[in-house]
2 protein chains.
Amino acid sequence: MADAGSGRAGRVRAFEGVLARIEERIAADGLTVGDRLPGERQLAEQLQVSRSSVREAIRVLESLGVVSSQVGRGPDAGAVLTSRPADALGGLLRLHLGIATLSMREVVDARLMIEQWSAQRAARSGMALDTMERALAAMDTAAGPEEFVEHDVVFHSAIVEASGNRLTSAFTQALRDAVRHFAVAAVARAGDTGDLQADHRRIHRAIADGDADAAVAAIAVHLARAYPPGTES
Amino acid sequence: MADAGSGRAGRVRAFEGVLARIEERIAADGLTVGDRLPGERQLAEQLQVSRSSVREAIRVLESLGVVSSQVGRGPDAGAVLTSRPADALGGLLRLHLGIATLSMREVVDARLMIEQWSAQRAARSGMALDTMERALAAMDTAAGPEEFVEHDVVFHSAIVEASGNRLTSAFTQALRDAVRHFAVAAVARAGDTGDLQADHRRIHRAIADGDADAAVAAIAVHLARAYPPGTES
DNA sequence: ATCTCGGTATGGTCTGACCATATTTGGTAC
DNA sequence: GTACCAAATATGGTCAGACCATACCGAGAT
């Protein structure tokens, strides 16, 4: 894509041309979520490439979370523009963790950055408090590590979503997806979730009080406890 | 991918199965950057699917920045594991900006978060100062907006890279890619880059002095100037 | 030792076929 | 007229097989 218009020597593969054309069309026609792309056969004819190349391009768009394919017939069938950046980010992070180009520490560090930033804002806006309270109660009565972590994600996500920034929200969700396995294992290993819940209540209290500094500090303590240094693969 | 192992009713497409198997193999064999995947024909036979399905899976991996395909023959040919998260993130952000599910403000906000975070750390470590100085000098003598922005990216990237977190670095690079067009346009419109350079020097001074608070404030001022509210599409 | 040229493995592309799914359409029974 | 059921159809999903361009590999000639 970045090569499409530049003067690089590299030959542009057919599916890359298709990608560029689709992106152009999205911009030119102002397509947005819910709009449909032409069918694969039709696109192939329009762009003078094979259906295979069109399919590869659509597969890329799907993997980046901007298109969703539906089989069958009717208004909802075909390639529809969607917006699932978190799914795409999640897969991306998971794969890069898998080939060891990203370390656990970097991922947790990024989480710390986003959550502290969001908590500062949440402390000023006072939003998300009731969602946090519900998640706290649900964690108290959670049956096992999986269920605990599920509500834990809701708790932390609420803080980030209060900032109203879909990019950081998506990023957080992706980070949580990528480390969900470790989180469940850590909770199961610890057995007692009392410390974690105490952290959560401290965070909630700080945001409710509008004390941004205390919220930042509480989150640092919490993440250090949940992912102690040395927590790897 | 997320559906691969769950009990969802949705049928798993062939290429999704291929993706899952490749991911398993990466984890099981501990494959990392530089290692090669089997050829498309060989993979197709091993996994009992058509070559088209294998190709779609590899296309996805390529779009997520974990694989790079080389034609020809020899040790470097075929699908090689790589690590280009920034490229993948860049395309992802650009597309989502295109379909209007992310706003300019959210992107700039995220940049502000990362750069402030990084600057705090840089102020403590004192790294990246010489790279920043070289970029400052290069911006002074830049011929046009494009060249100015090029060195501007180097300047800001140096701050983030000083944190040593490849995830935030990749994210920053992706954000810069996504907004490069706007940045060039803004510089061209302003004409005079004196204010921007003054901001840059304030940021550099604060980091050199180890004054984290001043660095955070200087970055806030700079980004507010470079992307004033109302800067949209 | 070096050069040359054919062999070969690789990804890239195309064609054409068939399948599965889901809607649309039209006919039929009531 | 209404309700229901079956055929037509448009869509993505998959496959098989072919051919091309590329780039290394290696045998032979010099």
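Where the protein meets DNA strand C in this predicted model, sugar or phosphate accounts for 61% of the strand's atoms within 4 Å of the protein, and bases make up the rest. Around this strand stand 27 residues, of which A:A14, A:S53, A:R73, B:R51 and B:G72 come nearest. Sorted by character, the surface near DNA strand C holds 10 charged, 10 polar and 7 nonpolar residues.

Both chains contribute elements to this surface. At least two residues each are supplied by helix 1 (14–29) and helix 3 (51–63) of chain A, and likewise by helix 2 (40–47), helix 3 (51–63), strand 1 (67–70) and strand 2 (78–81) of chain B.

A few individual contacts help to fill in the picture. On the backbone side, an N or O atom of A:S50 is placed 3.0 Å from a phosphate oxygen of DNA strand C, while a backbone N or O atom of A:R73 sits 3.0 Å from a sugar or linking oxygen of the strand. The side chain of B:R73, in turn, brings an N or O atom to 3.2 Å from a base oxygen of DNA strand C.

Turning to annotation, the unreviewed UniProt entry assigns "domain: HTH gntR-type" to residues 12–84 of chain A. This span is 51% helix and 11% strand, and its end C-alpha atoms are 27 Å apart.

Further along chain A, helix 9 (residues 194–209) packs with helix 10 (residues 212–226) at an angle of about 165°, their axes lying 8 Å apart. Helix 9 and helix 10 of chain A are therefore roughly antiparallel to each other, and the crossing of these two chain A helices is left-handed.

Technical notes:
Residues are numbered from 1 along each chain as its sequence is written. Chains are lettered from A and ligands numbered from 1 in the order in which they are written. This is a predicted model: local features need pLDDT of at least 70, side-chain atom pairs count only at pLDDT 80 or more; totals for chains, interfaces and linings use all residues. Side-chain values use heavy atoms; hydrogens and water are left out. A residue is near a molecule or strand if one of its heavy atoms lies within 4 Å of it. A polar contact is a pair of N or O atoms within 3.5 Å; within protein, one must be able to donate a hydrogen and the other to accept it, and residues adjacent in sequence count only if both atoms are side-chain atoms. Helices (H or I, at least four residues) and strands (E, at least two) are DSSP runs, numbered from the N terminus. Ala, Val, Leu, Ile, Met, Phe, Trp, Tyr, Cys and Pro count as nonpolar, Asp, Glu, Lys and Arg as charged, and the others, Gly among them, as polar. UniProt positions are given in the numbering used here, feature names are shortened, and annotations may be inferred rather than shown by experiment. Axes are lines fitted to C-alpha atoms, for helices over the stretch in contact, and angles run from 0 to 180 degrees between N-to-C directions. Angles under 35 degrees count as roughly parallel, over 145 as roughly antiparallel, 65 to 115 as roughly perpendicular and the rest as oblique. A crossing is left-handed if the near helix is turned anticlockwise from the far one by less than a right angle, and right-handed if clockwise.
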